[in-house]
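Open the model in a viewer and keep the sequence panel visible. The stops below are given in the order in which to select them.

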Amino acid sequence: MSFAIEVPGEAAPLSLLELAKALEAAATSSDNAQRQSASQQLQVWETHPDFYPGLQTVFLDRSLHTPLRFLAIIILKNGIDKYWRHTSKHAIKPAEKHLIRSRLLQGSLDEEDRNLVLHNALVVAKIARIDYPTDWPDVMSTIIAVARTAKSDNPVHLSSILQILLRVVKELGTARLRKSQTALQAATPELVQLLGEIYTEKTAYWQEFLMKGRGDEDDADYAMQNSLTALKLLRRLVTVGYEHPHTDPMVQGFWSLSQTQFDQFLNGVKNDSWIPVPYQDLVGKHLIQFTKLHIDMCETHPASFPVLPNSIPLVKAYWNLVRDFSDVFEKSGGIRQTTNETTAGNPKHEGPLSEKLALKGLLLLRSCVAIAYRPVQTFKYRSQETKDQEKEAINIIKTDLLTRDLLLDIVQVTISKLFIFRQSDLEAWENDPEEWEAQERSEGMAYEWAVRPCAERLLIDLLTRYKELGQPLLTYCELATKVEMDIVTKEAAYCALGCAAPVIHEAFDFDRFLNVSLVKDAQVLDPMAKLLRRRIAILLSQWIAIKVPASSRPVVYDIFRHLLNPADQYNDEVVRITAAREFRMIVDEFEFSGEAFLPFAADIFNLMINLLREVESDETKLAILGTIRAVVSRMEAHIAPFGDAIMATLPNLWESAASDEYMMKQSILSIMSALVDSMRADSLRYQSAIIPLLREAMDPNSALHLYLIEESVELWKAVLTQSQPPLNPDLVQMVEMALPLLEYESDVANRCLEIVKDYIVLVPQEILSDRLRRPTIAALAKTLDSRSRDQSQLGALSVELVIRAAEALGGAQGVSVVVQDMLETGLLPTILEGLHSAWEASQTTGPARTISKINTIKQTDWIMLLARIALADPAVFATMLAGFGRGGTEIDSVWSWLSTLWFSNFDCMADIARQKLSCLALTRLWELPNPMQDLVLRHLQDYLSMWASVLGDLTMVDGGPEGGAGEEQMPGKDTLIWDALPSFEWDTPIDVHEREFAMKDPIHKVDAFEFVRARLADLVQRVGGEQAFERDWAVNVDKDVLHGFQRLSGRLASR
């Protein structure tokens, strides 16, 4: 194989020697510049032929340094994701893939470095996920053959091949493609049989060695490692490799074996066991794998788990294990989540094996409750037999497992023993308060690796389904309020009281308990008082939405003010952080009153802001900021006295945040939005502080732009909503930053479109200036053809506002300038092209009919834009249409199809305001001389029908014959005419200004009937009087249509 390939530019030619040199420099050089140069060289080579086979060759050369080989396999592994698929740009060639695949197993079998073995196995797995079974059909058979050969006489090879198989099974087990799932299931029976043999043989060997001392110590070590890997494989295969595992004899046999050996190994790791201490850790890992097998089977195959051999006794045995552990729970060291990671990238958890097994027992019980009461919902087809099996499984769990005796036992043990706060918990609390609080929070994931949170979740699951369990809990909780208990026991009782809140709230007098017990307990002075204070904050957040009357809410606020006070030595960091986090639940509650909270607001705001300055964890800061935002939102106008203090803090907090702390800045922007919404027009004084932050967040050259865009746009919109002319000049200049974002089809683009619309309403003279007019129209033009209905409609409305503003500020000349810009930016050509396609589609039928480029909704929106131009200045409209006609002058060639489409579109206009707009616009065309005069008269019948329909709807008067339905209706005026500007309680400044702008719209200003009558009379005179009009034009109109319009006109004229 030749590696002499020249690459462009100053890059070195790719050869095996140069590749090894570059890898060595990148991996081991102490010169930073040399490392960077080598890394850049390797990136250049990534897309060149023979680069990845060359990496594999370097990796396989055991004479080279380990760091160099390690870097080679890492780059190869990363390259699989980038370039292995044939659809990738610069994809690896098939011949190179074949060469790499042919040497993959070689890279693990003879390798002594287990880290290199692991990463080579990961490469094999990644390739197998893509290529198996289509391009690499023999990978499984090859691995199986090697494993069979190695299982008897070569434990090193066996360890390596099992490592490869484990990674392959993991990859295929998580693959979403059906072909990968089917291929794995096809290979599963043979794999399970082989792995069962390996597991049984190796387990027997190391048991014999440990119990009787027979065999070699090194071989026993390998046997334990290999049996553990085989067990990991079997655990995955029996859960992902079978559709119905309970029907397979091998699975049933392994399931029974797992229970037998679980009991055997469990006895082996107890005190005075037959397993020496150095080996107990590995045996413990076997036990953990058995627990994972049982939980995975319960969660993955809920219909199979209950009917597998002895599954119900197994779960009960797990509960007995938990109950036995509960006796020593208080003295156990606890499980800790470490900063180290497993090979899968998950955090490691360290702690006593007995506690880990008890945790798994609780998780298994939760999974069983889920089988019974939260069955998995799926769209996948299930046969009737499968549905019956699922019903049977649910029945078995409910009747055979979740008996009343077991449930009462779980409740009693949980609340009396597993809720106890231990010395180990207190040590973890004090070692890293912020980290501990974050892990223990109610919405955290601590229940997955800690016994106490998991026991809480299990109790909540049971109480949700078995309301009768609330009675023993009620008795226990009432006892806790009457009998003097030590703080630790009382904390556990309050934990149970919080879990039981939804069940016992009707029978338990929490209001009395709050005012009598909790107020006193929150002020207890004791070194352990912080435990109780933290629990009180959580308890109140659990009960606030269930049963705390308005009269007692000030007591709750006062308790939180007390818990947030740093001057009290018993309110340590965890207590105050918990109080700040849980207070969000207090203010988010539906019945929260800003007025009732007002006396406590100043103190609580100051305490939370001071706490915000103390904490270091970003997650904790975000939680506190989230609470502040909730308070600001829920207090509404009552927040005004504290606005200055909040706005004095936020900019400083923004500046103190690192350049990459986007989540902190997101929260700051959200609080500002909430403050502006709550303070309404009073927030105008903060614009000088808000606008610089907005400009920074909206800067497209900023690295944080994409992370802050949503919150920035929300704040921007909130500021504009509360603004009124004249706007802050800095705020006006920001409109240019919104225009590029209109091209996005997303919620952000829609919000930016609303912002542009607000600018058109608030500062039309700025939008119509030479600097902004054409860019704005060009940006809006792109929104009209958007696939988003909301974006398209809002864009059309914004263009309408531009036309109205041009007419209001510049008259006919202003409209002419805007129309010219609409032509030159392609907006009007796009509209007419789309409308023409709609007209063409309406002229065809049958299978070969033409499909319109636009739907009827967009068709109506676009016609409204033409109506605005015609209503503003019909002469400009006619000139524009003529420009699209034959030779650029013949308006007839456009009007003939456009008028037909326009009149037919009235049937699609559900909004009477749009009908009136079209009616006024079409009627204004009667003002024009020929050739337009004759063109509109050719559609006289369409005009009369349209006038009768629209005027009848507008005035609630119809044109029916005497004695018809219309005779009962009193002739009325135009219903869209506004006599006075309407107003509402929650109007914002932008609402008022939009309504004032709308008040000037002819739709709300012009009487449609008088408008039509005047132009009809004028045209009748222009054509020679009534006789000439009737002789030359009205004679061609259907008599019913003509008489209907005449009757309607008579009734409206008599108003």
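**Stop 1: glutamate 434**

Select glutamate 434 and serine 617: the side chain of glutamate 434 comes to 2.7 Å from the backbone nitrogen of serine 617. The coordinates are those of a predicted model. Add threonine 620, whose side chain makes a polar contact of 3.4 Å with the side chain of glutamate 434. Glutamate 434 itself belongs to helix α19.

Which side chain of opposite charge is nearest to glutamate 434? That is lysine 621, at 7.8 Å; glutamate 434 is buried and has no salt bridge. To see its surroundings, show Glu573, Ile577, Val615, Glu616, Ser617 and Thr620, which glutamate 434 touches when residues up to four places away in sequence are left out.

**Stop 2: aromatic pairs**

Searching the whole structure gives 33 aromatic pairs. Select phenylalanine 421 and tryptophan 436 for one of them: the ring centres are 5.8 Å apart, the planes meet at 70°, and the pair is edge-to-face. Phenylalanine 421 sits in the loop between α17 (404–418) and α18 (423–431), while tryptophan 436 is in helix α19 (residues 433–440), so the pair ties together parts 15 residues apart in sequence. Phenylalanine 421 and tryptophan 436 are both buried.

Next, select tyrosine 557 and phenylalanine 592. Their planes are at 70° and their ring centres 6.0 Å apart, so this pair is edge-to-face. Tyrosine 557 is part of helix α26 (residues 553–563) and phenylalanine 592 is in the loop between α27 (573–588) and α28 (594–614); the pair therefore ties together parts 35 residues apart in sequence. Tyrosine 557 counts as buried because its relative accessibility is 0%. Phenylalanine 592, with a relative accessible area of 7%, is buried. Extend the selection to Tyr557, Phe560, Phe583, Phe592, Phe597 and Phe600, which ring pairs link into a cluster.

**Stop 3: arginines over rings**

Go to arginine 69, which lies over the face of phenylalanine 59 at 5.3 Å from the ring centre. Then select arginine 1015: it lies over the face of phenylalanine 1011, 3.6 Å from the ring centre.

**Stop 4: helix α42**

Select residues 874–884, which make up helix α42. Colour Pro874, Val876, Phe877, Ala878, Met880, Leu881 and Ala882, which are buried. What do the buried residues of α42 pack against? Show α39 (789–824), α40 (827–842), α41 (856–872), α43 (892–904) and α44 (912–924), the helices that they pack against. At the N-terminal end, aspartate 873 caps α42, with a side-chain oxygen 3.0 Å from the backbone nitrogen of alanine 875.

**Stop 5: alanine 183 and proline 278**

Is alanine 183 buried or exposed? Alanine 183 is buried, at a relative accessible area of 11%, and it is found in helix α10 (residues 178–212). Show Tyr132 and Pro133, which alanine 183 touches, not counting residues up to four places away in sequence. Measure from alanine 183 to proline 137 as well: the C-alpha atoms are 9.4 Å apart, with the two positions 46 residues apart in sequence terms.

Finish on proline 278 in helix α13 (residues 277–300). Proline 278 counts as exposed, with 68% relative accessibility. Its C-alpha atom is separated by 33 Å from that of threonine 414, which is 136 residues away along the chain.

Terms used. Residues numbered from 1 in each chain as written. Predicted model: local features only at pLDDT ≥ 70, side-chain atom pairs only at ≥ 80, totals over all residues. Heavy atoms only, no water. Phe/Tyr/Trp six-rings, centres within 6.5 Å; stacked < 30°, edge-to-face > 60°. Helix = DSSP H or I, 4+ residues; strand = E, 2+ residues; numbered from the N terminus. Buried < 20%, exposed > 50% of the residue type's maximum accessible area, 1.4 Å probe, protein only. Lys NZ or Arg CZ within 6 Å of the ring centre and 35° of its normal. Lys, Arg positive; Asp, Glu negative; His and termini not counted. Salt bridge = Lys/Arg side-chain N within 4 Å of Asp/Glu carboxyl O. Polar contact = N/O pair within 3.5 Å; in protein donor to acceptor, adjacent residues only side chain to side chain. Contact = heavy atoms within 4.5 Å.
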